[in-house]
Amino acid sequence: MAEGRDPHLHGLEVYRVGGAVRDARLGWPVYDNDWVVVGATPEAMTRRGFKPVGRDFPVFLHPETHEEYALARTERKSGHGYTGFTVHASPAVTLEEDLARRDLTINAMAETPEGELVDPHGGLADLEARRLRHVSPAFVEDPLRVLRTARFLARYAGLGFVIADETRALMAELVDSGELTHLVAERVWTETEKALGEPWPEVYFQALDECGALAQLLPELVADREALDEALGRLHRLPEDIEAEQEIRWRWARLVEHLGESARTALAERLRLPRAHADLARQAALTRQLRLEAGCETPDGARVLAWLDGIDAWRRSERVAPLVSLVSLDDPGLAVGLALAWRLAAQILPRVLVEEGFKGRALGEELARRRREAIDAAL
Ligand SMILES: Nc1ccn([C@@H]2O[C@H](COP(=O)(O)OP(=O)(O)OP(=O)(O)O)[C@@H](O)[C@H]2O)c(=O)n1
């Protein structure tokens with residue numbers, strides 16, 4: 001909607017800010033606009049029909065476009081972690097003051113309604129130089145910015161972006177100060193999850209490793225550097241035909257599939273990982289184990305049956321195809337055998353055995369015996 005004709009905005013001093021300004025100039029897709037309002041009060045916003053949504057800051061949703069309009073504000077750190085902030089929003093806060101509180105110069109640009117750039121921190125020059133650079137020493141006031149910077153690198157690395165030397169130094173300092181340990185699990189996971197959805201997710205972990213953050217936040221991953229390098233290489237090797245919405249979960253599974261169960265569980269608990277992610281990681285780990293053993297000798301019916309039981313294939317048959325596809329990335333021959341074994345074993349129905357008169361423990365034993373036999377025939 002053109003600002004000039006939007007009655008809700010009439011008389012308000014409004015600027016487009018943040019990601020939209022950055023991405024439009026990068027030629028990156030822009031999904032939503034964020035706006036800053038200067039010189040207004042919360043009452044003036046609600047009077048115009050805006051809906052307050054900010055719990056911690058005065059942010060409002062436009063009654064029609066539902067885009068976010070934030071009152072210009074400054075933030076000062078007053079304690080540890082995310083809650084230790086004093087937010088100051090008043091009609092006296094200027095656009096420049098609002099931009100100065102932001103993390104990276106490329107995120108600290110604004111645009112007037114006429115499309116004119118307001119860029120007090122050299123964001124456009126940094127965009128052109130492909131450089132992630134902090135706005136001011138106040139960067140350290142939110143330790144999440146270390147993760148955000150790594151995440152932006154994971155998004156734009158393919159465009160040639162790097163983290164400016166002085167920003168790397170500041171990130172390392174922030175890690176050394178111990179402030180990252182005050183980040184709550186949810187914020188760490190949310191940022192990591194977003195990074196896993198970026199085009200170059202491995203770069204996120206590399207950048208965090210370089211500044212020492214990875215060792216603090218995800219220590220299980222740095223226990224074996226060679227294994228970590230391999231794991232990062234796997235992030236782009238996913239099973240075929242997985243749905244787009246499953247990609248992040250698969251990338252997480254590939255990242256941790258080489259870890260022992262206790263390390264995987266510790267990670268999952270520390271990050272309060274969603275159950276589905278932890279489950280898929282476990283299935284990928286079991287599958288990796290099977291494949292590695294098969295590299296030494298062809299698995300027999302009992303071994304493959306144990307794998308199918310482990311991934312709960314009988315109740316969750318949809319799990320099998322992607323895991324077989326995963327195997328095929330490294331061992332196509334084994335994958336063909338597993339696919340056939342599964343097809344044959346799945347044809348042995350408990351119902352038929354019941355009709356034959358099996359029940360209780362004998363039913364379970366006979367079912368396993370016939371499944372093993374079918375698998376052996378397939379392999
Ligand atoms: N810890 C944070 C979080 C956000 N911001 C600022 O708030 C803006 C909006 O944040 P967010 O919506 O998280 O990021 P975007 O830059 O819009 O990026 P994305 O494309 O991921 O939405 C950022 O541009 C940045 O200026 C910040 O300075 N420090």
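Where is Arg-102 found? I opened the notebook with this residue and located Arg-102 in the loop between α3 (95–100) and β8 (110–111). I note at the outset that the model is predicted.

**Entry 1: Arg-102**

I next checked the burial of Arg-102. A residue is buried if 20 or more other C-beta atoms lie within 10 Å of its own. Arg-102 has 23 C-beta neighbours inside 10 Å and therefore counts as buried. Setting aside residues up to four places away in sequence, I found that Arg-102 touches Asn-107, Ala-108 and Val-135.

**Entry 2: The ligand shell**

I then listed the residues around the ligand. They are Gly-18, Gly-19, Asp-34, Arg-102, Asp-103, Asn-107, Ala-108, Asp-142, Leu-144, Arg-145 and Arg-148. By class, I recorded six charged, three polar and two nonpolar residues in this shell. Helix α5 (residues 144–156) supplies the largest share of the shell, three residues.

Why does the ligand shell lie between domain 1 and domain 2? Domain 1 (1–129) and domain 2 (130–217) both give residues to the shell, so it lies between them.

I compared this with the record. The UniProt annotation "binding site", from an unreviewed entry, covers Gly-19, Arg-22, Arg-102, Arg-148 and Arg-151. Among the residues I had listed around the ligand are Gly-19, Arg-102 and Arg-148.

**Entry 3: Gly-19**

I turned to Gly-19, which is placed in helix α1 (residues 19–26). Gly-19 counts as partly exposed because it has 16 C-beta neighbours inside 10 Å. Its contacts, leaving aside neighbours within four places in sequence, are Asp-34 and Asn-107. I noted that Asp-34 and Asn-107 are also listed around the ligand.

**Entry 4: The two domains**

I looked up how domain 1 and domain 2 meet. The domain assignment of the protein chain gives domain 1 as 1–129 and domain 2 as 130–217. Their centres, taken over C-alpha atoms, are separated by 23 Å. In the contact between them, 15 residues of domain 1 meet 18 residues of domain 2. The side of domain 1 that touches domain 2 has six nonpolar, four polar and five charged residues by class.

**Entry 5: The sheet**

I traced an open sheet of seven strands with mixed pairing, in the order β3-β4-β5-β2-β1-β8-β9. Its edge strands are β3 (51–52) and β9 (117–118), each of which pairs on one side only. I examined one pairing further: strand β1 (residues 13–17) and β8 pair in the antiparallel sense over two bridges. Val-17 stands opposite Ala-110 in β8.

**Entry 6: Glu-75**

I located Glu-75 in strand β6 (residues 73–77). With 18 other C-beta atoms within 10 Å, Glu-75 is partly exposed. Leaving aside neighbours within four places in sequence, I found Glu-75 in contact with Phe-85, Val-87 and Arg-101. I also looked up its separation from His-277: the two residues are 202 residues apart in sequence and 35 Å apart in space, C-alpha to C-alpha.

**Entry 7: Positive phi values**

Which loop holds Asp-241? Asp-241 lies between α11 (225–234) and α12 (247–256). Its phi is near 65 degrees, a positive value in a residue other than glycine. Asp-241 counts as exposed, with 8 C-beta neighbours inside 10 Å.

I closed with Asp-312, in the loop between α15 (301–310) and α16 (320–330). Asp-312 has a positive phi of about 60 degrees although it is not a glycine. Is Asp-312 buried or exposed? Asp-312 has 12 C-beta neighbours inside 10 Å and so counts as exposed.

Definitions and conventions:
Residues numbered from 1 in each chain as written. Predicted model: local features only at pLDDT ≥ 70, side-chain atom pairs only at ≥ 80, totals over all residues. Near = placed C-beta within 6 Å. Helix = DSSP H or I, 4+ residues; strand = E, 2+ residues; numbered from the N terminus. Nonpolar A, V, L, I, M, F, W, Y, C, P; charged D, E, K, R; others polar. Domains from an automatic or database assignment. UniProt positions renumbered as here; feature names shortened; annotations may be inferred. Contact = placed C-beta atoms within 7 Å. Pairing = 2+ DSSP bridges.
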